[in-house]
Structure formats: C-alpha cells, structure tokens
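Visitor: Hi, could you pull up the model so we can talk it through?

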Amino acid sequence: MAAPLRAPKGTYDVLPGSPFLAVREALLGPAALAGYDYVEAPVFEDTELFARGVGASTDIVTKEMFTFTDRGDRSLTLRPEGTAGVLRAALQAGLQHGQLPVKLRYAGPMFRAERPQAGRFRQFQQVGVEALGSDDPALDAEVVALAASAYAGLGLTGVRALVTSLGDAACRPAYREALTAFLDGLDLDAETRRRAAINPLRVLDDGRPEVQAQLEGAPLMADALCDACRAHHEAVLGHLAALGVAVEPAPRLVRGLDYYTRTTFEFVHGGLGAQSAVGGGGRYDGLSQELGGPPLPGIGWALGVERTLLALEAEGVAAPGAPRLTAFVVPLGAAAKARAVTLVAELRAAGVAADLAYGDRGLKGAMKAADRSGAAYAVVLGDRDLEAGAAPVKDLRTGEQTPVALDALLTHLQEQSP
Ligand code: AMP
C-alpha cells in the first residue's frame, strides 16, 4: 500500500474547531471600521515585483522566495508578503487618482522558504492594511493604533509596539555613509560584508551575538534624522500618545524589507520563543516609484495570524469561537426523515444554524451525533411526533426536554439563536 500523503514541509491545515478564521477576521475589524476597503491581489506575481518591491538585499529575495517558471517561460513568485502586490494592484487600477488616502485591507497566505520552526511556516497567513497617498503623521498614528486595537480587541495584553524612524532620502544617505564607515572597521564575514554593501542598515538587524557585540556604539538613524523627519516622527509619537497607544523607542529596528522610510514599527510578544514578532510595518514613501509608479507615499502593516494564535495561547486568552449550531435535528423514521430534510432548510433560511443526523441511525447513535455536533438543542422528530404535531426539543447542555408544536418550532429556535 502506498504511504499516506502528508502536507508539505512548513505548511499546516486549518482544521475544524480552529479559531483561525475568527481571529483573522478580528484582526482586521478595527481597520474595517476605519474605512479600509477589502482587496485581493494574486497569490503569484512577476518575480520582478518582489525583486524591486521587497529589496535585493533582503533575506526574503535572496533566499526565501518560491520562484518558478511557467509554461510561457515567465518567472513567477508566490508572494512572500502583501504590500508589493497590493500597491501594484492599486497603481494598475489608478486608485491614486481618486480620493486620497486610498485605504486598503487584505488577508491571505504568504510564502517564504524559511526553515520551519514553532511560529515559522513556509505558507503562513497575514492580514494587512495599506494607506496610500498621504504623508500625514496622523495617518501613521492611525495605522499603528489600528494594530494595537486589533490585538487589544482579542484580549491580548502582552503585545509591545516598538517604533522608530528610518529617515528619508534627505537624511538616510549621510547616515548610511557613517554606518558604512563604522562597519568597515568591524570583523565581519564575507557574506555580511556583501549584504552591508547593498544595504548597511541590514547588518543592525543581524541576530547573531558575535555581530551584535560589535555593533555597540554603531551610529543610529534616530540620532541622524533631518529636521523634517524628526518633526514627522515627533508628530506621530504625539498623536499616538493622545490616542493612548503605548509605544517603545527602538532605534535599532530595521525590519527585513528594504522599502521602509520614516515611521517603522514592529509588534512583539514575549510568549512566543524565538519568533517574537507578531506583526510589523512602516512607511514606504519611495516604493511606488520603485515599482514604476508616480511618487505616492504610503504606510501599512502586516500581522501574522499564526503568531497571534500563539500569543493568545501563551496568555491563556480564549480565542473567539466559530459560530455554533443552534439546532440538530434527529429524524426517527422515514416520514420524519423527509420532514427533517426540509425543516433544516427552513431553519437555515430563517438564519438559524441547523444540521441533521444523516445516515438513518437509531436514536442512540443519532443523539451521540447531536452531542458531538456542539449544537445547543436537539430536535427529536419521530413519525408519531409528526402525526401529533409536536416534537421534543432537548437542551443539550442541561438535558432538559420541552415539547414544541411543529408550527412554532421555527420561531422557538429563532428565539434561542445567538
Ligand atoms: P514581515 O512581513 O516579515 O514583517 O512579517 C509580518 C508578520 O508576519 C510577522 O510579524 C509575523 O507575525 C508574520 N510572519 C512572517 N514570516 C512568517 C513565517 N514564516 N511564518 C509565520 N508567520 C510569519
């Protein structure tokens, strides 16, 4: 016999009973209330979009992309993140010609060929927002605050927001030079030197202790901001304080993508082990031009759904549950079965979540199925009940049984419905 097939390495299945969907939706709830419209872009794009839009020095582009050639010899890549595709879609549709800022939200799978470990998958899910066409610092504050409310709305209390500014085209080049001069004096391996030559800031992001030890005393962007970037950053922090969003300065925060300018942030949680980032984002005022579009400032974030689930688990917070069935109909006999089939259809049409015992089981087996279904009530419908015009409705939590007239069943169950 052939060996049973398993899901590919680094992937997982969302199985019945998982809070996955409810959590994914909850994470975007605050953004929906703030006018961010839902969009979807393709799961694969031209490889060049990510090479240009994510950045040639990033681990994502150099090591982690799932790239393939299609039958027309085009190089395509499974999206490793959402921003490049969403911005490409917005520019392609000309959304920048309408009301600004364009506010968008999205959710879906991302793909990175990383070494799988707890909280790190090769196919994982992110939700994200992007706000395009405004460099108003109040918008930066809104975006950060939306993520903070998303976590708080789920009941999480241990998420910390780390915020910094990465400067812009006016002040970053001089800082880059100062950092490069500093890095030149260090003992770094050839691979790190290559990365530093493409983007020296990425070295600050290097997690290895032997590299971090040498970075003590490295010049920091936060100390080298031009007046405009400093004023922007202070305005963002002022709005966040007024909104009551607690943030921590993080002068060494770089993040793994090259396109960030000015406001850059990460959300971390202490209960996840090595992978502490639950979400992150920032301003990317140069990205549109990088993609061949017009100058168009933007800011956004992406939050990891799996890591949010891990954070809920670490804090012992009950995740929002899937909607439960209200009624489980148990038909006993041929006439009752025929009526049960139409009854559940009527219940569903009336907005009552309902299912029935398929397979013509006896009472015992069918009641076991009712218990396992998680429904609040079982409607036990025998042929004799049909003739009598009433059926017992059993509360599956208390075991209490009440006879309900068949023509009142729908309203009765509607009243019990959440
Ligand atoms: P990034 O686009 O790298 O800033 O990632 C944003 C968020 O997505 C991170 O904070 C994580 O929560 C999540 N994430 C990134 N990579 C992975 C992965 N390989 N597996 C699971 N979650 C991930």
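Guide: Sure, here it is. Ask away.

Visitor: How do the residues lining the largest cavity divide into nonpolar, polar and charged?

Guide: The lining has eight nonpolar residues, with no polar and no charged ones. Here Ala, Val, Leu, Ile, Met, Phe, Trp, Tyr, Cys and Pro count as nonpolar, Asp, Glu, Lys and Arg as charged, and the others, Gly among them, as polar. This is a predicted model, where local features need pLDDT of at least 70 and side-chain atom pairs pLDDT 80 or more, while totals for chains, interfaces and linings use all residues. Residues are numbered from 1 along each chain as its sequence is written, and side-chain values use heavy atoms, leaving out hydrogens and water.

Visitor: Which residues line the largest cavity?

Guide: Leu166, Tyr175, Leu201, Leu204, Met221, Pro251, Leu253 and Val254. A cavity is a set of points on a 1 Å grid over the protein atoms alone where a 1.4 Å probe fits but cannot get out, and lining residues have an atom within 4 Å of a point.

Visitor: And how much space lies in it?

Guide: About 30 Å³, as the space filled by probe spheres set on points joined across faces, edges and corners. The search of the whole structure finds one cavity of 30 Å³ or more.

Visitor: Switching to the ligand: which residues come nearest?

Guide: Arg112, Glu114, Phe121, Arg255 and Val278, out of 14 residues around the ligand; a residue counts if one of its heavy atoms lies within 4 Å. By class, that shell has five nonpolar, four polar and five charged residues.

Visitor: What polar contacts does the ligand make with Arg112 and Glu114?

Guide: A side-chain N or O atom of Arg112 sits 2.8 Å from a ligand oxygen, and a polar side-chain atom of Glu114 is 2.6 Å from a ligand nitrogen. The backbone joins in too: a polar atom of Gly279 is 3.0 Å from a ligand oxygen. A polar contact here is a pair of N or O atoms within 3.5 Å.

Visitor: How much of the ligand does the protein bury?

Guide: 92% of the 480 Å² that the ligand exposes when taken alone, by the Shrake-Rupley method with a 1.4 Å probe.

Visitor: Any backbone oddities?

Guide: Leu100 and Pro101 are joined by a cis peptide bond, with omega about -5°. Arg262 has a positive phi of about 50° although it is not a glycine. Most residues other than glycine have a negative phi, and most peptide bonds are trans.

How values were computed: 1 Å grid on protein atoms, 1.4 Å probe; cavity = no way out; pocket = protein on both sides within 12 Å on 5 of 7 lines; lining within 4 Å. Polar contact = N/O pair within 3.5 Å; in protein donor to acceptor, adjacent residues only side chain to side chain.
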